[in-house]
Amino acid sequence: MEKLRVGMIGAGKIAEVLHIPNLLSSDLAELVAISDPNADRLRYVTKKFSLTNVKSFTDYRDITNGDFVDAVIVAVPNHLHAVVSIDALEHGKHVLVEKPMATNSIEATRMVECATNTEKILMVNHSQRFFPHNQKAREIIKSGMIGEIRLVKAAFGHSGPENWTQNVGWFFDKDKAAFGALGDLGVHKVDLIRYITGLEVKECVALTATLEKNANVEDIANGVMKLSNGALATLDANWITRGLEENYIVVYGENGTLKVGQTDPSKIDLYIAKPIAYHGEIVLKPLFTNEDPYWKLPVVEHFIKVCLGMEQPIVRPEDGLMSIKIIEKFLESSKLQKVVEIDG
Ligand SMILES: NC(=O)c1ccc[n+]([C@@H]2O[C@H](COP(=O)([O-])OP(=O)(O)OC[C@H]3O[C@@H](n4cnc5c(N)ncnc54)[C@H](O)[C@@H]3O)[C@@H](O)[C@H]2O)c1
């Protein structure tokens, strides 16, 4: 079988720890080109990964407009997600774009429409769907073991992007990032809530604040959502968490409670009250933390297989759009200081 020829657009931190190493370890794909306007970054990753046969460009259009790649991975600041993805789709390339999918739902809708019109794959890197813990939790909930869902609590907090990438400026600039902790971390959890419960978000209310970062986006956001079965869900997304990052989801059902990563990052705690009392732990291998140099996460391999027609996409473009709509509604609610409805 011919290998999928992939171009990497953006050679920043997530490209370094997730996309490039996973592309290089795939038997099904070949990294053929890379682009970043920052020539130092290009030199750095070229040296680190010995990318001697990989074409490198400072203008991404040299990749999207060329005929030497079948697919691109877009890992650039948020305000460029839509423009780069649409350009790639229109030039016949499949796209894996980073989260948040776009800076607003108008842009995200255009991306969905473009993927439909061009009949190309568009996947958003809602990476938390690919954690084995979350896959297992989804399976348990789907089996009906914990019964009807009543409440979900989700949290994602760490000390901020300045402790993640050297290129931090854009994360704090609304014109480039569009969102703060909500779009950076909260977006993962709103997507995960929909994915593991199978429920939709119908209403939401939130408060946001900027207390620590020199930023014009929020560094703390707390919200409550009403789900399609009437259950409530809470979201805590922040960049002010000292010590270990918090990254968990707890689902309270009528028969049991499922805690993913709340007591220990590698553990699922399962408490079943009916029909038999049971308290068990499912311990899975910890995947990685932000400290690790290489995220062994199957999202890149899955994208490659989707492009090659070997798997159905786990993340549909509409899922990326829905996450953007929810985040937008949280911000609207915070501004208006009232509960807002979510359509679609
Ligand atoms: N899915 C996840 O778990 C996850 C984790 C971290 C970051 N991300 C997302 O990945 C994206 C990138 O984040 P990061 O942490 O790597 O940021 P970063 O700042 O480290 O890297 C971004 C890179 O994009 C480059 N860039 C800017 N303009 C460009 C252009 N026109 N063409 C090509 N490259 C360009 C920058 O020079 C920089 O090297 C963001 O949208 C972020 O939200 C996702």
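**Exercise 1. Determine which domains supply the shell around the ligand, and describe that shell.**

Step 1. The shell takes at least three residues from each of domain 1 (4-125 + 298-315) and domain 2 (129-290); these bounds come from an automatic or database domain assignment. The model is a predicted one, in which local features need pLDDT of at least 70 and side-chain atom pairs count only at pLDDT 80 or more, while totals for chains, interfaces and linings use all residues. Residue numbers start from 1 along each chain as its sequence is written.

Step 2. The ligand is surrounded by 25 residues, and the closest are Gly10, Gly12, Glu98, Thr165 and Asn167. A residue is near a molecule or strand if its C-beta atom, placed from the backbone, lies within 6 Å of it.

Step 3. By class, the shell holds 10 nonpolar, nine polar and six charged residues. Ala, Val, Leu, Ile, Met, Phe, Trp, Tyr, Cys and Pro count as nonpolar, Asp, Glu, Lys and Arg as charged, and the others, Gly among them, as polar.

Step 4. Helix H1 (residues 13-24) gives the most to this shell, with three residues. Helices (H or I, at least four residues) and strands (E, at least two) are DSSP runs, numbered from the N terminus.

**Exercise 2. Describe how domain 1 and domain 2 are placed and how they touch.**

Step 1. The C-alpha centres of domain 1 and domain 2 are 26 Å apart.

Step 2. Contact joins 14 residues of domain 1 to 14 residues of domain 2; two residues are in contact if their C-beta atoms, placed from the backbone, lie within 7 Å.

Step 3. The side of domain 1 that touches domain 2 consists of six nonpolar, six polar and two charged residues.

**Exercise 3. Work out the strand order of the six-stranded sheet and the packing of helix H4.**

Step 1. This open sheet has the order E3-E2-E1-E4-E5-E6, with parallel pairing; two strands pair if DSSP finds at least two bridges between them.

Step 2. Strand E3 (55-57) and strand E6 (122-125) are at the edges with a single partner strand each, so one side of each has no neighbour in the sheet. On average, neighbouring strands of this sheet are turned by 20° against each other, direction ignored.

Step 3. Strand E5 (residues 94-98) pairs with E6 in the parallel sense over four bridges, and Glu98 stands opposite Asn125 in E6. Glu98 is also one of the residues closest to the ligand.

Step 4. Helix H4 (residues 81-90) lies across strand E1 (4-9), strand E4 (71-74), E5 and E6, and runs at about 170° to E5. Axes are lines fitted to C-alpha atoms, for helices over the stretch in contact, and angles run from 0 to 180 degrees between N-to-C directions.

Step 5. The axes of H4 and helix H5 (residues 105-118) come within 9 Å and cross at roughly 10°. H4 is therefore roughly parallel to H5, a label for angles under 35 degrees, whereas those over 145 count as roughly antiparallel, 65 to 115 as roughly perpendicular and the rest as oblique. Residues making the contact include Ala82 and Leu89 of H4 and Met111 and Cys114 of H5; by class it has six nonpolar, two polar and three charged residues.

**Exercise 4. Trace the nine-stranded sheet and the helices that pack on it.**

Step 1. The order of this open sheet is E14-E13-E12-E11-E7-E10-E9-E8-E15, with mixed pairing. E14 and strand E15 (340-341) are the edges, each with a single partner strand, so one side of each lacks a neighbour in the sheet.

Step 2. Strand E12 (residues 256-260) and strand E13 (residues 267-272) pair antiparallel over five bridges, with Val260 opposite Ile268 in E13. The two form a hairpin with six residues between them, and Gly261 in the turn has a positive phi of about 75°.

Step 3. E13 is joined by six bridges to the antiparallel strand E14 (residues 278-283). Tyr271 has His279 in E14 as its bridge partner, and a hairpin of five residues connects E13 to E14.

Step 4. Strand E9 (residues 220-227) and strand E10 (residues 232-238) run antiparallel, joined by seven bridges; Met225 stands opposite Ala233 in E10. Helix H6 packs on the sheet, touching strand E11 (246-253), E12, E13 and E14, and its direction makes about 165° with that of E12.

Step 5. Helix H8 lies across strand E7 (149-157), strand E8 (201-209), E9, E10 and E11, at about 150° to E7.

Step 6. H6 (residues 132-142) and H8 (residues 181-197) pack at an angle of about 40°, with axes 8 Å apart; they are therefore oblique to each other.
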